[in-house]
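Thank you for asking me to look over this model before our next discussion. My comments are set out below as numbered points, to be read beside the structure.

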Amino acid sequence: KIFACSLLIFNFSFLIPSFSQSNSIWYFGNGAGLDFSSGYAKPIHDGNLFTLEGCAAVCDEKGKMLFYTNGITVWNKFHKEMKNGEGLNGSISSTQSALIVPQPPPLSLPSSSGEGRRGRYFLFTTDEKAGEKGLCYSVIDVSLETGAVIKKNIPLLAPSTEKITAVQHANGRDVWVIAHQWNFNNFYAFPVTSQGVGAP
């Protein structure tokens with residue numbers, strides 16, 4: 001799944017390609033959270049996320065928390081700052097500061113297998129509108145117990161708006177991450193494949 005939440009009033013958005021996570025735990029706002037694993041929304045207060053606007057969280061295929069972020073800091077499943085998980089190029093004032101996309105499986109595996117490069121995620125971040133950092137991405141590996149940001153703040157587009165989204169590719173395996181250039185009518189679609197993030 002791809003998951004992001006944007007908090008202006010109380011607006012969650014998430015897109016669901018054929019990956020096998022279940023995003024049953026959300027963290028957002030000022031230390032707030034919801035756990036849907038029981039079938040209904042249960043308030044939780046164990047998160048360390050405090051943000052005015054955008055945030056994202058992702059769980060594994062069993063619905064267990066992997067990590068969450070405000071686009072600036074990444075916290076692992078133990079609610080500790082992930083290794084190298086500070087100083088990302090999102091913004092506390094960006095409506096969609098973070099978007100998480102799992103790395104798609106290689107062609108040698110069926111798209112429904114849920115295998116892929118297990119534990120590898122791309123975290124896309126947006127600076128506040130027209131900010132010089134623009135749209136970037138970082139690479140997160142949760143195959144280690146505490147997780148780690150193994151590549152950080154790779155630039156894609158600047159200046160950009162605060163808006164990003166993702167949709168599944170027609171091949172049922174890969175993902176398009178779509179962004180909007182600031183003050184232009186240009187939209188950019190970046191392919192996310194088993195090989196990584198490509199050019200638009």
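The points that follow move from the overall make-up of the chain to its cores, its hairpins, its salt bridges and a few individual threonines.

1. Please keep in mind throughout that this is a predicted model. Its secondary structure consists of 17 strands and zero helices. Of the 200 residues in the protein, 54% are buried, and the exposed surface comes to about 9300 Å², with carbon and sulfur atoms supplying 54% of that area. Among contacts with a separation of 6 or more, 47% join residues that are 24 or more positions apart.

2. The largest nonpolar core contains 16 residues, and those with the most contacts inside it are Phe124 and Val192. The elements that contribute two or more residues to this core are S10 (98-102), S11 (120-126), S12 (135-141), S14 (160-168), S15 (175-181) and S16 (187-193). A second, separate core has 14 residues, including Val58, Leu66, Met82 and Ile140. As general background, nonpolar side chains in soluble globular proteins tend to be buried together.

3. Which residues does Val192 touch once its neighbours within four places in sequence are left aside? The contacts are with Val101, Pro104, Phe122, Phe124, Asp174, Val175, Val177 and Val197, so that the list includes Phe124, which is named together with Val192 for having the most contacts inside the largest core.

4. The region around strand S8 deserves a careful look, beginning with its pairing to S7, where the two strands run antiparallel and are joined by three bridges. Within this pair, Asn76 in S8 stands opposite Phe67. The hairpin has three residues between the strands, and Gly71 there takes a positive phi near 90°.

5. On its other pairing, S8 joins S9 in the antiparallel sense over two bridges, and Trp75 has Glu81 in S9 as its bridge partner. Four residues lie between the strands of this second hairpin, in which His79 takes a positive phi near 65°. In a regular strand, side chains alternate between the two faces of the sheet. In S8, Thr73 and Trp75 point one way while Val74 and Asn76 point the other way, and all of them are buried.

6. Thr69 belongs to strand S7, which spans residues 65-69. Is this residue buried or exposed? Its relative accessibility is 0%, and Thr69 therefore counts as buried. A polar atom of the Thr69 side chain lies 2.8 Å from the backbone nitrogen of Gly71, the glycine with the positive phi in the hairpin of S7 and S8. Beyond neighbours within four places in sequence, Thr69 is in contact with Leu49, Cys55, Ala56, Val74, Trp75, Ala98 and Leu123.

7. How many salt bridges does a search of the whole structure find? There are two. In one of them, Glu145 pairs with Lys77, and the closest N and O atoms are 3.7 Å apart. Glu145 lies in the loop between S12 and S13 (148-157), whereas Lys77 lies in the loop between S8 (73-76) and S9 (81-86), so this pair ties together parts that are 68 residues apart in sequence. Glu145 counts as exposed at 53% relative accessibility, while Lys77 is partly exposed with a relative accessible area of 34%.

8. The other salt bridge is formed by Arg120 and Asp141, whose closest N and O atoms are 3.8 Å apart. Because Arg120 lies in strand S11 and Asp141 in strand S12, the pair ties together parts that are 21 residues apart in sequence. Arg120 counts as buried at 17% relative accessibility, and Asp141 also counts as buried, at 14%.

9. Two further threonines may be worth inspecting. Thr95 is found in the loop between S9 and S10 and is buried, with a relative accessible area of 5%. Its side chain makes a polar contact of 2.8 Å with the side chain of Lys163, and its C-alpha atom is separated by 5.1 Å from that of Glu53, a residue 42 positions away along the chain. Thr165, in strand S14, is partly exposed at 34% relative accessible area. The C-alpha atoms of Thr165 and Trp176 are 8.4 Å apart in space, and the two residues are eleven apart in sequence.

Note on methods. Residues are numbered from 1 along each chain as its sequence is written. This is a predicted model: local features need pLDDT of at least 70, side-chain atom pairs count only at pLDDT 80 or more; totals for chains, interfaces and linings use all residues. Side-chain values use heavy atoms; hydrogens and water are left out. Buried means under 20% relative accessible area, exposed over 50%, partly exposed in between (1.4 Å probe, protein chains only). Contact means heavy atoms within 4.5 Å. Accessible areas come from the Shrake-Rupley method with a 1.4 Å probe; for residues, only the protein chains shown count as cover. A nonpolar core is a set of buried Ala, Val, Leu, Ile, Met, Phe, Trp, Tyr and Cys residues joined through side-chain atoms within 4.5 Å. A polar contact is a pair of N or O atoms within 3.5 Å; within protein, one must be able to donate a hydrogen and the other to accept it, and residues adjacent in sequence count only if both atoms are side-chain atoms. A salt bridge is a side-chain nitrogen of Lys or Arg within 4 Å of a carboxyl oxygen of Asp or Glu. Two strands pair if DSSP finds at least two bridges between them.
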